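Below are my notes on the model, set out as numbered points for a colleague who has the coordinates open. They go residue by residue where that helps, and by region elsewhere.

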Amino acid sequence: MPYVVAEQQRETVEALRRRGTHAVAGDASEPAVLIQAHVARAQMLVIATPDSFHARKMIEIARTLNPHIAIVVRSHSADEAELLRREHEVEVLLGEQELASSMVRRVRNAAGASQASHA
């Protein structure tokens, strides 16, 4: 799936570009940055910032430019996650919950591999 990274750190953007990743420099809560990242024709916007104020601005800009865009947002707070889901109809991932789920999957995979090798 093609994607574009919006990042504030110019050095990170330059490193991404050297590796062949499409990237734009700037604050993605500014309309010009999301426009440059082609959000108007994107299928999905993934917001990884922990700053809920900036995340809300990105959601509003993206939905103005692309009303049917799917949006996935990172959150650290269950209360904030619920507000984002209710107010903006976005998918919200809670960092600690996702980490716990990933850890459980790894333990289960390891246990399954261990049992398979003993069979």
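1. H38 lies in the loop that runs between α2 and β3, and this is a predicted model, so the backbone there deserves a careful look. Although H38 is not a glycine, its phi is positive, at about 65°. Most residues other than glycine have a negative phi. As for its surroundings, H38 has a relative accessible area of 38% and is therefore partly exposed, since that value falls between the 20% and 50% cut-offs.

2. A second residue belongs under the same heading, namely E89, which is found in the loop between α4 and β5. Its phi is near 50°, again a positive value in a residue other than glycine. The relative accessibility of E89 is 68%, and because this is over 50% the residue counts as exposed.

3. Is N66, in the loop between α3 (52-65) and β4 (70-75), buried or exposed? With a relative accessible area of 10%, which is under 20%, N66 is buried. A polar atom of the N66 side chain lies 3.2 Å from the backbone oxygen of A40. Setting aside residues up to four places away in sequence, N66 touches V39, A40, R41 and A42.

4. L65 can be read together with that loop, although L65 itself lies in helix α3. At 31% relative accessibility it counts as partly exposed. Beyond its neighbours within four places in sequence, L65 is in contact with I35, V39 and A40; V39 and A40 are also among the residues that N66 touches. The C-alpha atoms of L65 and A42 are 9.9 Å apart in space, with their positions 23 residues apart in sequence.

5. Helix α3 also holds R56, a charged residue whose relative accessibility of 18% is under the 20% cut-off, so that R56 counts as buried. Which residues does R56 contact, leaving aside its neighbours within four places in sequence? They are E80, L83, L84, E87 and H88.

6. The largest nonpolar core has 21 residues, and those with the most contacts inside it are L34, L45, I47, I59, I71, V73 and V90. Two or more residues of this core come from each of α2 (31-36), β3 (44-47), α3, β4, α4 (78-88) and β5 (91-94). The largest share, 5 residues, is supplied by α3. In soluble globular proteins, nonpolar side chains tend to be buried together.

7. L34, one of the residues with the most contacts inside that core, shows which parts of the chain meet there. Leaving aside its neighbours within four places in sequence, L34 is in contact with A28, V39, L45, M58, I61 and A62. Of these, L45 is also listed among the residues with the most contacts inside the core.

8. V24 lies in strand β2 (residues 22-25), and at 5% relative accessibility, which is under 20%, it counts as buried. Not counting residues up to four places away in sequence, V24 touches V4, V5, A6, E7, V13, R17, V33, Q36 and A37. The C-alpha atoms of V24 and I47, which are 23 residues apart along the chain, are separated by 15 Å.

9. The largest pocket has a volume of about 1000 Å³ and is lined by 28 residues. Which of the lining residues lie nearest its centre? They are V4, V5, A6, L45 and V46, and V4, V5 and A6 are also among the residues that V24 touches. At least two lining residues are supplied by each of β1 (4-7), β3 and α3. By character, the lining divides into 17 nonpolar, 7 polar and 4 charged residues.

10. Finally, R108 has its place in helix α5 (residues 95-118). With a relative accessible area of 63%, which is over 50%, R108 is exposed. The C-alpha atoms of R108 and D27 are separated by 39 Å, and the two residues are 81 residues apart along the chain.

Key. Residues are numbered from 1 along each chain as its sequence is written. This is a predicted model: local features need pLDDT of at least 70, side-chain atom pairs count only at pLDDT 80 or more; totals for chains, interfaces and linings use all residues. Side-chain values use heavy atoms; hydrogens and water are left out. Buried means under 20% relative accessible area, exposed over 50%, partly exposed in between (1.4 Å probe, protein chains only). A polar contact is a pair of N or O atoms within 3.5 Å; within protein, one must be able to donate a hydrogen and the other to accept it, and residues adjacent in sequence count only if both atoms are side-chain atoms. Contact means heavy atoms within 4.5 Å. A nonpolar core is a set of buried Ala, Val, Leu, Ile, Met, Phe, Trp, Tyr and Cys residues joined through side-chain atoms within 4.5 Å. Helices (H or I, at least four residues) and strands (E, at least two) are DSSP runs, numbered from the N terminus. On a 1 Å grid over the protein atoms alone, a cavity is a set of points where a 1.4 Å probe fits but cannot get out, and a pocket is an open set with protein on both sides within 12 Å along at least five of seven lines; lining residues have an atom within 4 Å of a point. Grid points are joined across faces, edges and corners, and a volume is the space filled by probe spheres set on the points.
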